[in-house]
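Work through the exercises below with the sequence and the three-dimensional view side by side. Try each task before reading the solution that follows.

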Amino acid sequence: MSMARRGSVLGVLLWGMVAWGEPAGADPCASGVARLATGPLAVTFREGQSGVARRACSATELSVGAEGWAVIDTAHLYGQVRGAARVSGSYALGDATELFGSLEVYRYQTVIASVSGVVGGVGHLSLGGTHRFLTREGLTLGATGRLILPSIMGVYRHAWPVELDAGLTAEQSLGANWRLHAQAGVMASTTISEGPRESWLGLAVTAGAGWQPLPWLAVVADLHASAATYAPIDIIAAGLGLRFGGERLSAELGAFYPVAGRRAPIAFSLNASLRL
Amino acid sequence: MPKRIKVVRWSVMWGAIGVLSVLTAGCQSTSCLSADAGEDCVIPSPCEQLSFSCEGGRARIKIIEPGDELPEGLEVLASTGDFLLANDRVMAVVDALEHPHYFAPSGGALIDLVTVEGNRDSLTHIFQATGLLPRDAVRYTEHQFVEEGDIKALVLRGHLDGEPRHRVVTRYEIRPCEPGLRLRTEIYNGTPEPTMWTVSDGLFWGGRSNIPFTPGPGRGYTYPPLDLANVDGLIEETPYVIGTIHGVPGSAYVDVACNLEALQGFNGEKISAMGTPRHVVQPRDYEVFERFIGVVDGASVGPAADLALELRQQIHGEPWTTLSGKLVLAADDGRVDDEVRVTVFVSEGTTQMAEEARTPWTQITPGPDGRFSVRVPAGRPYVVEVRAFGRTVLARDVRVGSTPGDVGTLEVPPAAQLSVSVTLDGAPANAWVFLHPADEQTREAVTARMMEQGVLCAPMLGSQNGESPACNRLIARNGAFLLTVPPGHYDVYAAAGPFRTIAREPVRIQPATSRSVSLALSSLPLRPAGSLAADLHVHGAGSFDASISPSEQLEAILASDLDIAIISDHNVVQDYTALARTRGVQERLRLISGIETTGLILFDYVPGVSFPKVIGHWSFWSLPYVPDAPYRGAPWDQLIEPGTLFTRMYEAGMSEHGLIQLNHPWSVLEVGRDLAFSSAIGLDATRPLTSDYDGTAASLFNRKPEGSRFRNSDYHVQEVMSGTDNARYQAYRAFWFYLLNQGVIRGGTASSDSHGLARNMVGSPRSIVFTRTTVTDFDEEVFNADIRAGHVLGTNGPIIEASLIDGEGKTFRPSVNPFTPGSDARLRLRVTAAPWVPVEEIRIVVDGSVRRVLSAELHHPADPFGKDGLLRYEGELRVSELLPAAGKDAWIVIEAGHPLVPNADLDCNGIPDTGDNNGDGVIDWRDVDRNLDEVIDEKDLDTDGNGKISSADEPARCKTAVGPLQDPRPGTDRNEPRYHFAAVQQIAAASLIRMASGYPTAFTNPFLLDLDGVAGFRGPQQ
């Protein structure tokens, strides 16, 4: 089965689960439970958060975090390790709409091959928005988009990627402690370059569940699949994360482990958020 | 999927792309790296800052056809089908895409570059790569000619060998009037993951050939040893790199970056890599490297550095000025334009600074009038240093402003003239002549390196890689040589092979004087009847790692008293027969064209080993010489297992009666490449050999590769002794013995593996081939058949005549053919040697174990320079007393010479690998020279690299690094017999702690005794 088809099947299953779940309230984003952040884990697989699923519920908050990323392929004498400090923010325009942005304040990257090297600099800046257009019986559905700007400095030398994500994002509340979330969308990418631009298109699907057994603790499990005309970025990865804290100050520790995909990375992130 | 939804989905996608396209509009691609870039895409011209002008200049580009005018010189590789780029000043050849050479997986590399005026190619190979692994080299797949008015260019497209999405375009451009080529290489990361590149010219010097020179503190001709495990630590910046060859006519090459402030990379005797800084290249990003590769005539760095500084002035605006002066010899004792007699180094700094803190910028040998003039960066202080015979004789500070500077006249201390004449049986004849310091004062005063290279010579009379004089020796052509030497007290030795006497004459040579030395040699009745003296492994300048000219190698072959030499250049066939005819020696010497295939491109063929390997070195003869074909008629020999290689050789025209020889069969790595197939696959000589491939590395030995006519083990003979320095003899013989015990019967040979005059000396060791053919009526088929049959004695001096006689009067001689002797069989031995060859014991080896040692019974000559005392032993031994068990097949090999020094097998593979190198009486991990600096010290013991030596440093049993093997040392007593032997078989080495040489050794092929009553020979451990 092709990666694209696998992703599609996964998406259908996800929506089936969402539809199957019993609604707990009219608007899952307005739940009365003291809640931590909702939605998929914010762990980056690719450049500039491309393909990273976005929550449906809006909030005004400021986050700082660190993320790491590693590929180890000893058989081919190849390895790479990437670390970044990230600042993110979002602004809720009412209940239904959120604008968000994220900047890799500094990225460190090393590639280990027959010769090794290190690169560092300001990373990607991404800007986006989400608008919920449907809320019904514990389910909310929105459209989301993210533009990754060619802001990266010191890391690329002759080409700067520009990417656009667009998709549908949904969250479903299942009782007091359980939530489902999912996003399906397209990714498009090109570069600003005097060399080849090699634009590509892709599909990304993320689905998962959150369980909040305690008011200050939640566990999140996600499955991510993506496929593109640029075949090597095909990946299936399983993620697990913890969210803890309170309604204003919270943190998320998440990691993804590749299940399939050539040289798919292990990725993790740690974010602390202050809800304003 | 409903059609409407599908349409919507694709609309969204293309809409997204449209948005991005609008955002990125105006960024028109100007590169030819796109996957769909067609032939109409023209890669930009490189180095646009440069401008050269001349009257009536022209440039041309073409595919070479038979009869075309081509570059000439020692290293020419051009063949029909290659690309020729030429202008009024230079000629360059880029190999055709289907003619890859050396490390490159395809053609498209620069293989020849000469000036039109000088036309002396000494370039080995310049290829493109982004790292150290084979996958990092560029494989070109398409070519295109571009003509833009006077500008001609060859554009090559391809990709990195390990990843087709790492696309590469290179433009070789030639313009009128320019002293070289402009190059631009673009490499695009078409994968979704970042990669690590240094886009570089791989400057394959070859070793013992060109040597690199780079400006930098403590650099010049000096650079740290190449350590592939720590290349990152070796990478340095340099404004230019220059390659020069010494001791033979050649050219100097210069590489200067056009789009970088400086080149980055590393230098080594064998290979340098110079290019862009190491960059992490992100997906869809690319790298561009523009440079100018120029050529000038001669051996000095000076003219090439002048060109480099001119290029950098045009590119970067760096001003240069001229520094000149004049050297005057204090006496009429040599030529001032001889780079050994006198040469000038110019380094930035002052004489007050330590040498390693100065930055050498150039080196120049004056013209015949003693004048020199070099360019240097303007406005800096310099030290002008004059060296004679490799040693600094004077240094002067000079500050150079923006106008030309002059250091005036510099008087060089006097040397002396030495006239050497050698006779053989009263008539002038070719001979080897050696100079050795006769006292410590002289040794200290004259020990030097040629252009700071690793090998020490005492005295240093010429490049160790070049022609006579080379290091401290020379070939006296027709018995005469006049040379200039540093004053001192010397022993002058002459030798002419193991069947002649040697002569020695001590001389004290005063400054500004002339001395004559006459040395008389005599033939000795040592040559066994019905035999030919053959060196089955000889290199010349056709090899990438040799620069001795064929004519000089021929003179050395004549001086060594050989009948047969197999010309075995690396990866190329050479033909010396015309040369022999010109020299008039075709009736007394047979020179057979062969090849030594040399694995250079690593590939994955050894199961269970994570790092790729090569298949080592193999010799083949005879091969047809095709002068206008790539590799001169040989097939491409990389990326295949031995069985396939054997098949290709026969397909290329190797005689069906030809021979395949496994060379130096148990060797160390060289530039990360195994020199031997057997050790590359990790054979374990403590275990039985599998007869078929079972998926294990060791079973590759007997594997028959797919499509091959042969198994990997289907070679005919192996070297048991290889190299004048036969320190590895114990390892080679252990492997041979292992195979004999396993029933794998191959003849054993001895070869010099000579690459020049100063290291392995042609003819030492040699194979004495017992054959009915003769030189004058030579039948190569008979000769090869006798080698194949094991009718060979390997020796560097002792002569063993061994036969086995049974009670019925039948006589058997060593051979790979088994026989069943009658009752009362006796081993008859006769050992002779020239008086200067010490023979201290005879060993009878049965089934791999020494069963008997004869030493007290041996005679020793009184005068090593005399003609008497040739017979060292003659007698008989009862075979039944030698055999371990009755009724079992057995084999017997006889050895004679120096006793073997104890060596141990630390890695437990059955092959000795390490001697008592620290002299503590125990052979263990503490004896291993881990950092390969030829000294066993605390640095070797700190195996965990934590700066402390503790019990934690001791490796587990059998898991240690190994080596080197220990061999007998001759000592320094000028009257000891071993001293004389070493004096005429000396190897130029990096250290003069001992006189590196071989030790006297000879071995027979086996007697294979078929005693078990079953037809055929069964190995004792089979």
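The exercises that follow concern a predicted model, and they move from whole chains to single residues.

**Exercise 1. Find where the confidence in chain A is lowest and where it is highest.**

Start with the chain as a whole: the mean pLDDT of chain A is 86, and 88% of its residues score at least 70. Next, go down to single elements, where helix H1 (residues 3-20) of chain A has the lowest confidence, with a mean of 47, while strand E6 (residues 139-149) of chain A has the highest, at 95. Finally, look at residues 12-24 of chain A, over which pLDDT stays under 50 and for which the model has 20 contacts beyond four places in sequence.

**Exercise 2. Describe the make-up of chain A and of chain B: how many helices and strands are there in each?**

For chain A, count 1 helix and 13 strands; along the sequence the helix is followed by the strands, in the pattern α-β-β-β-β-β-β-β-β-β-β-β-β-β. Of the 276 residues in chain A, 52% are buried, and 60% of the contacts between residues at least 6 apart in sequence join residues at least 24 apart.

For chain B, count 11 helices and 58 strands. Here 58% of the 1022 residues count as buried, and among contacts with a separation of 6 or more, 70% are between residues 24 or more positions apart. The C-alpha trace of chain B spans about 100 × 90 × 65 Å along its principal axes. As a last step, compare chain B with a compact globule of 1022 residues, which would have a radius of gyration near 31 Å; the value for chain B is 30 Å, so the two agree.

**Exercise 3. Decide whether Pro105(B) is buried or exposed, and name its contacts.**

First locate Pro105(B), which lies in the loop between strand E3 (90-94) and strand E4 (110-115) of chain B. Then apply the cut-off, by which a residue is buried if 20 or more other C-beta atoms lie within 10 Å of its own: Pro105(B) has 21 such neighbours and therefore counts as buried. Beyond four places in sequence, its contacts are Pro100(B), Pro134(B), Ala137(B), Arg139(B), Asp161(B) and Ile601(B). For a distance in space, take Gly325(B), which is 220 residues from Pro105(B) in sequence and 47 Å from it, C-alpha to C-alpha.

**Exercise 4. Work out the strand order of the open sheet of 3 strands in chain B, and find which strands form its edges.**

Reading across the sheet gives the order E23-E20-E26 (chain B), and the pairing is mixed. The edges are strand E23 (371-377) and strand E26 (405-412) of chain B, since each pairs on one side only. On average, neighbouring strands of this sheet are turned by 25 degrees against each other, direction ignored. Helix H2 (residues 302-316) of chain B packs on the sheet, where it touches E20 and E23 of chain B, and its direction makes about 30 degrees with that of E23(B). Now follow one pairing in detail: strand E20 (residues 320-329) of chain B and E23(B) are antiparallel over 7 bridges, with Trp320(B) opposite Pro377(B) in E23(B).

**Exercise 5. Explain why strand E24 (residues 380-388) of chain B is described as largely enclosed, and identify its partners.**

Begin with burial: 7 of the 9 residues of E24(B) are buried, so this strand is largely enclosed by the rest of the structure. One partner is strand E21 (residues 343-348) of chain B, joined to E24(B) by 6 bridges in the antiparallel sense, and Thr343(B) stands opposite Arg387(B) in E24(B). Another is strand E25 (residues 391-400) of chain B, also antiparallel and joined to E24(B) by 9 bridges, with Val383(B) opposite Asp397(B) in E25(B). E24(B) and E25(B) form a hairpin with 2 residues between them, and in the turn Phe389(B) has a positive phi of about 50 degrees.

**Exercise 6. Identify the buried residues of helix H9 (residues 780-788) of chain B, and say where they lie around its axis.**

The buried residues are Phe783(B), Asn784(B), Asp786(B) and Ile787(B). They cover an arc of only 160 degrees around the axis, and therefore lie on the same side of H9(B). The general background is that an α-helix has 3.6 residues a turn, so residues three or four places apart point the same way. Among the elements that cover the buried residues of H9(B) are strand E37 (531-538) and strand E47 (792-795) of chain B. After H9(B) comes Gly790(B), which has a positive phi, near 80 degrees.

Definitions and conventions: Residues numbered from 1 in each chain as written. Chains lettered and ligands numbered in written order. Predicted model: local features only at pLDDT ≥ 70, side-chain atom pairs only at ≥ 80, totals over all residues. pLDDT = per-residue confidence, 0-100. Helix = DSSP H or I, 4+ residues; strand = E, 2+ residues; numbered from the N terminus. Contact = placed C-beta atoms within 7 Å. Buried ≥ 20, exposed ≤ 12 C-beta atoms within 10 Å, placed from the backbone. Arc of directions from axis to C-beta. Rg over C-alpha atoms; globule rule 2.2 N^0.38 Å. Pairing = 2+ DSSP bridges. Axes fitted to C-alpha atoms, helices over the stretch in contact; angles between N-to-C directions.
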